[in-house]
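Look through the structure below before reading on. The paragraphs that follow take up confidence, then the helices, then the contact between chains.

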Amino acid sequence: MFKITSYTKASDTNMGVKKRSMRFNISPEKSPFFYLLPLILFMLIMVAYPIGRILYISLTSNIMTRPDLGVQFIGLENYANLFTSMAFWETVGRTGAWTALSVGGKTAIALGIALLLARDIAFKRFYLILLMIPWVTPMVVAAVTWRWIFDGQFGMLNYILMQVNILQEPYVFLGHKMSAFIATAITDMWLGIPFLAMMFLAGLQSIPVELHESASMDGASKLQKFIHVTLPMMKPIILVATTMSGIWTFNSFGVIWPMTHGGPVDATQTLIVQAYKLSFGSFDLGMGAAIAVVIFIILTICTVLYKRLLMRQEEL
Amino acid sequence: MSKKWRNLPTHIGLWGIFIIMLFPIWIMLTTSLQTYEGIFNWPPEWFPEIPQWSNYVNVWGGDYQFSAPFFNSLIIASSTAIITILLAFPAAYGISRFSFFGRNSMLFIVLVTQMFSPIVLIVGLYQLAQNYNLLNSLFGVIITNCALTLPMAVWLLHGYLKSVPETLEQAAAMDGCSRMKGIIKIVMPLSASGIAMAGIYAFIMAWNDLLIPLIFISDSHLRPISLALTDFAGQNIVYWHQMMAASVISTFPIAVMFSFVQKYFIKGFMSGAIKE
């Protein structure tokens with residue numbers, strides 16, 4: 001005990017001289033070092049390491065169910081297999097179409113809701129609380145509930161469509177390719193509408209009233225005001241919010257998996273679902289990692305795009 | 001009076017939208033109160049004649065033992081929230097109070113990580129987790145969740161801390177208060193709502209996640225709710241009435257938490273502060 005104190009005392013006097021010559025000061029009073037260290041260490045292990053690891057795994061042949069084959073370095077062969085397979089490009093196209101359908105639907109409906117809520121109306125708070133409800137619903141809960149609504153025998157949707165004579169007999173929505181594709185997109189839209197509507201509402205309320213007033217004075221109609229005043233003013237926030245929502249939708253797994261597991265016949269298989277199935281369904285880690293790398297590259301490009309949009313908006 | 005009537009079409013439009021939007025919630029609630037036979041009635045009933053509240057009791061303690069996944073989720077989500085705050089708060093403080101080399105690129109890396117799909121990380125972490133026996137453990141799920149919630153939490157807290165004036169800390173420092181003491185006595189109380197927001201955000205993310213437990217957990221005693229619900233749905237016969245009761249139970253904690261921060265959320269969105 002004594003030894004330690006005397007040691008620190010001795011070093012303290014030395015430090016006084018040394019400190020001035022030291023380039024880096026790591027004391028918590030003057031330097032961010034100790035504040036950032038835990039986060040950086042954690043992120044190195046949990047983020048940087050796995051990314052390096054998937055880059056490596058994607059260059060190997062690594063099938064966990066075939067330990068006899070071992071792990072072999074095969075260069076870019078996994079990527080070659082991937083890029084020459086029709087199924088992969090179909091999945092890429094499907095992921096793009098599914099994301100576009102869902103985000104397009106979300107944006108249109110959310111903009112409609114925001115335009116109605118931006119008016120000077122009574123019970124606004126009440127409506128805002130109603131709007132929040134899908135947002136609070138856990139993703140898997142929404143997925144299983146919609147699965148029940150779309151149920152091919154006793155689902156409520158079949159009942160309603162038969163009541164109004166659109167259908168003559170129950171239709172298995174999640175068992176047909178096209179309808180399963182649309183049904184999963186509808187579920188994803190339902191979950192995402194509240195966030196976008198709130199963003200758009202915030203954007204609408206930041207448009208100065210004077211702009212609308214002066215447009216009215218110039219004799220602009222409601223539609224003209226919407227096209228020439230509201231939309232241009234809303235453009236930055238729409239771009240930022242839809243890019244963000246697009247990335248989330250692209251990443252969506254919790255909706256598709258409980259509803260269809262990517263089926264029927266791959267009809268709802270997005271890149272994320274395929275990466276999961278390859279890695280942990282057929283335990284082909286090499287191919288799974290190659291898709292994960294593709295996903296990583298796509299997401300990084302989208303984020304750079306997103307950052308540009310965000311910065312441009314801040315300049316405004 | 002005339003203003004009220006002019007707004008009537010707006011109200012009708014909103015009601016129309018919200019009736020469709022809340023339709024699944026209605027289905028969830030009514031189905032959860034049905035009998036097993038009642039579900040297969042044709043035409044379906046809009047509301048069960050005799051509400052079966054016992055469904056909730058059966059799901060919680062009966063065959064499904066839904067209390068087990070519920071508590072697993074509770075452990076996962078609250079631990080994720082606590083670890084996220086413990087790591088994110090000091091980091092956000094460091095970023096907002098010091099200027100250092102690589103500060104902007106660090107913020108950018110944080111932003112990029114926030115967009116990651118868990119699949120990118122899990123494929124890379126799987127074998128590491130296997131080697132350290134983290135498969136089939138809640139701890140493995142928790143720390144992987146943290147990797148995904150941390151970036152957004154840092155981003156949120158960084159925005160909050162920027163709005164806490166530095167002059168307060170400087171004044172305290174003049175009075176001989178160390179920086180640590182300043183953080184605990186001044187900065188933390190002033191950013192309490194931001195800390196709560198980041199914690200609740202992490203909690204909700206962890207509560208919702210399916211992919212991580214799907215890969216990490218195969219022991220049925222350790223399943224969280226997202227996995228338990230997916231497993232029910234994978235069976236040949238789905239007991240929809242009990243499944244919907246389990247869904248209501250799963251939504252409940254999130255709804256309660258959200259109602260606490262709802263005020264801040266709306267305020268945040270209205271002022272555009274969430275952009276931070």
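Chain B has a mean pLDDT of 84, with 91% of its residues at 70 or more. This is a predicted model, and pLDDT is the predictor's confidence in each residue, from 0 to 100. Within chain B, helix H6 (residues 67-97) has the highest confidence, at a mean of 94, while helix H1 (residues 2-6) of chain B has the lowest, at 60. There is also a stretch of chain B, residues 269-276, where the pLDDT is below 50. Beyond near neighbours in sequence, residues 269-276 of chain B make 21 contacts in the model.

Chain A can be read in the same way. Its average pLDDT is 84, and 91% of its residues score at least 70. Among the elements of chain A, helix H4 (residues 86-117) has the highest mean pLDDT, 94, and helix H1 (residues 2-21) of chain A has the lowest, 41. Residues 1-22 of chain A have a pLDDT below 50, and this stretch has zero contacts in the model beyond near neighbours in sequence.

Next come the annotated spans of chain B. An unreviewed UniProt entry lists residues 12-33, 70-95, 107-126, 138-161, 182-204 and 239-261 of chain B under "transmembrane region". What does the model show over two of these spans? Residues 138-161 of chain B are 100% helix and 0% strand, and their end C-alpha atoms are 32 Å apart. Residues 239-261 of chain B are 96% helix and 0% strand, with 34 Å between the end C-alpha atoms.

The two chains also touch each other. How many residues does each chain bring to the contact? Chain B supplies 90 residues and chain A supplies 97 residues. Together they bury about 8,600 Å², of which 80% is on carbon and sulfur atoms. On the side of chain B that touches chain A, helix H15 (residues 240-271) of chain B gives the most, with 14 residues. The residues on that side of chain B comprise 65 nonpolar, 21 polar and four charged. Across the interface of chain B and chain A there are eight residue pairs in polar contact, counting pairs with both residues at pLDDT 80 or more. The salt bridges found across this interface number zero.

Salt bridges do occur in the structure: a search over all chains finds four. One pair that forms a salt bridge is A:Asp188 and A:Lys106, whose closest N and O atoms are 3.0 Å apart. A:Asp188 lies in helix H8 (residues 177-205) of chain A and A:Lys106 lies in helix H4 of chain A, so this pair ties together parts that are 82 residues apart in sequence.

Conventions. Residues numbered from 1 in each chain as written. Chains lettered and ligands numbered in written order. Predicted model: local features only at pLDDT ≥ 70, side-chain atom pairs only at ≥ 80, totals over all residues. Heavy atoms only, no water. Contact = heavy atoms within 4.5 Å. Buried area = accessible area lost by both parts, 1.4 Å probe. Salt bridge = Lys/Arg side-chain N within 4 Å of Asp/Glu carboxyl O. Polar contact = N/O pair within 3.5 Å; in protein donor to acceptor, adjacent residues only side chain to side chain. Helix = DSSP H or I, 4+ residues; strand = E, 2+ residues; numbered from the N terminus. Nonpolar A, V, L, I, M, F, W, Y, C, P; charged D, E, K, R; others polar. UniProt positions renumbered as here; feature names shortened; annotations may be inferred.
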